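User: I'd like to go through a protein model with you, one question at a time. Could you keep the answers short and show the reasoning?

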Amino acid sequence: MISSSPARNPDRQGADPAYLITFVCYGSWLPGKPGAVDRNTNQFGSRWPEPNTSKEIRARDRMKRKPYRLDAKRRQIVSIALQRACFHRNWNLLASHVRATHVHAVIAAHHSPEHVMNALKGYASRDLNRMMVDEPDCRRWARHGSTRYLWSSDMISAAIKYVICEQGTPMAVFEMPNAQLSGIRGCSGKCP
């Protein structure tokens, strides 16, 4: 269990820490692909790695299964699973957007972001298994993901806007109603 740091969260004292969690489908963001960051170069404040086609080809050649994609049915299953996970764990799911190749969630929770991300992946996989939409040995998620701390209400609002409004054509989207956000501004489906 972690606590929010008053020095870094002056406008959120006493509130659960908030995170922007992103995880990708297996085979979607291979090392070397533009915008992909591997675990060896993922350092806070570092520059994005340059695209590297040969690195991407080597990563693709090492894949043991085909890339996984979330169609409309799978996206809805995952979206509901995220909401269920947060409800059962008493976390606040502020926003989520399940895309064809990745998942974004803005969450306030009393656990580490890695714990939250692993729980979300677990709930999503369990619900996809229950619906029998994939083969039993299906590999859905890439290892780890991105876990960003959101230190202020402004950072949370910006993350919600990014997740809801800046992902392209909406797919499986969830946003907590503004009345329940205690001063955090979402975009309520009204994207600029």
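Analyst: Sure, and one term before we start: a residue is called buried when its relative accessible area is under 20%, exposed when it is over 50%, and partly exposed in between. Bear in mind that this is a predicted model.

User: Okay, the overall layout then. What pattern does the chain follow, read along the sequence?

Analyst: The chain has four helices and five strands. Of its 192 residues, 44% count as buried. Read along the sequence, the pattern is β-α-α-β-β-α-β-α-β.

User: In what order do the strands sit in the sheet?

Analyst: Start with strand 1, which pairs with strand 3 (residues 102–108) over seven antiparallel bridges and with strand 4 (residues 146–150) over five antiparallel bridges. Strand 2 (residues 92–98) pairs with strand 5, again antiparallel, over four bridges. Put together, the five strands form an open sheet with antiparallel pairing, in the order 4-1-3-2-5.

User: Which strands are the edge strands?

Analyst: An edge strand here pairs on one side only. In the order 4-1-3-2-5, that makes the edges strand 4 and strand 5 (172–175).

User: And what does the twist average from one strand to the next?

Analyst: That value is taken across the open sheet of five strands. From one strand to the next, the twist averages 15°.

User: I want to check the register. Which residue is the bridge partner of Ile21 in strand 4?

Analyst: Strand 1 runs antiparallel to strand 4, and it also has strand 3 as a partner, where Ala18 bridges to Ala108. Over in the pairing of strand 2 and strand 5, Val98 is matched with Ala172. For Ile21, the partner in strand 4 is Thr147.

User: How many of the residues of strand 1 are buried?

Analyst: In a regular strand the side chains alternate between the two faces of the sheet, so both faces need a look. On one side of strand 1, Ala18, Leu20, Thr22 and Val24 are buried, and on the other so are Tyr19, Ile21 and Phe23. For strand 1 (residues 18–24), the count is seven of seven.

User: Now the cysteines. Why is Cys138 not bonded to Cys25?

Analyst: A disulfide is a covalent bond between the sulfur atoms of two cysteines. The cut-off for calling one is 2.5 Å between the sulfur atoms, and a search of the whole structure finds zero disulfides. Cys25 is in none, its nearest cysteine sulfur being that of Cys138. The two sulfurs are too far apart for a bond because the distance is 9.3 Å.

User: Is Cys25 buried or exposed?

Analyst: Cys138 is partly exposed, with a relative accessible area of 23%. Cys25 has 0% relative accessibility, so it counts as buried.

User: Cys138 also lines a pocket. How many charged residues does the lining of the second largest pocket have?

Analyst: This pocket has a volume of about 280 Å³. Its lining includes Arg65, Lys66, Arg69, Arg74, Asp134, Glu135, Asp137 and Arg139. By class, the lining has four nonpolar residues, no polar ones, and a charged count of eight.

User: Any odd backbone angles? What is the phi of Met132?

Analyst: Most residues other than glycine have a negative phi, so positive values get a second look. One case is Asn90, in the loop between helix 2 and strand 2, with a positive phi of about 60°; at 61% relative accessibility, Asn90 is exposed. Met132 lies in the loop between helix 3 (113–130) and strand 4 and is exposed too, with a relative accessible area of 71%. Its phi is positive as well, near 50°.

User: Last topic, contacts across the sequence. How far apart are the C-alpha atoms of Ala81 and Leu120?

Analyst: Ala81 belongs to helix 2 (residues 72–89) and is buried, at 0% relative accessibility. Along the chain, Ala81 and Leu120 are 39 residues apart, and their C-alpha separation is 7.5 Å.

User: And how far apart in space are Tyr162 and Val106?

Analyst: Tyr162 sits in helix 4 (residues 153–165), and at 33% relative accessibility it is partly exposed. In sequence, Tyr162 and Val106 are 56 residues apart; in space, C-alpha to C-alpha, the distance is 9.9 Å.

Technical notes
Residues numbered from 1 in each chain as written. Predicted model: local features only at pLDDT ≥ 70, side-chain atom pairs only at ≥ 80, totals over all residues. Heavy atoms only, no water. Buried < 20%, exposed > 50% of the residue type's maximum accessible area, 1.4 Å probe, protein only. Helix = DSSP H or I, 4+ residues; strand = E, 2+ residues; numbered from the N terminus. Pairing = 2+ DSSP bridges. 1 Å grid on protein atoms, 1.4 Å probe; cavity = no way out; pocket = protein on both sides within 12 Å on 5 of 7 lines; lining within 4 Å. Points joined across faces, edges and corners; volume = space filled by probe spheres on them. Nonpolar A, V, L, I, M, F, W, Y, C, P; charged D, E, K, R; others polar. Axes fitted to C-alpha atoms, helices over the stretch in contact; angles between N-to-C directions.
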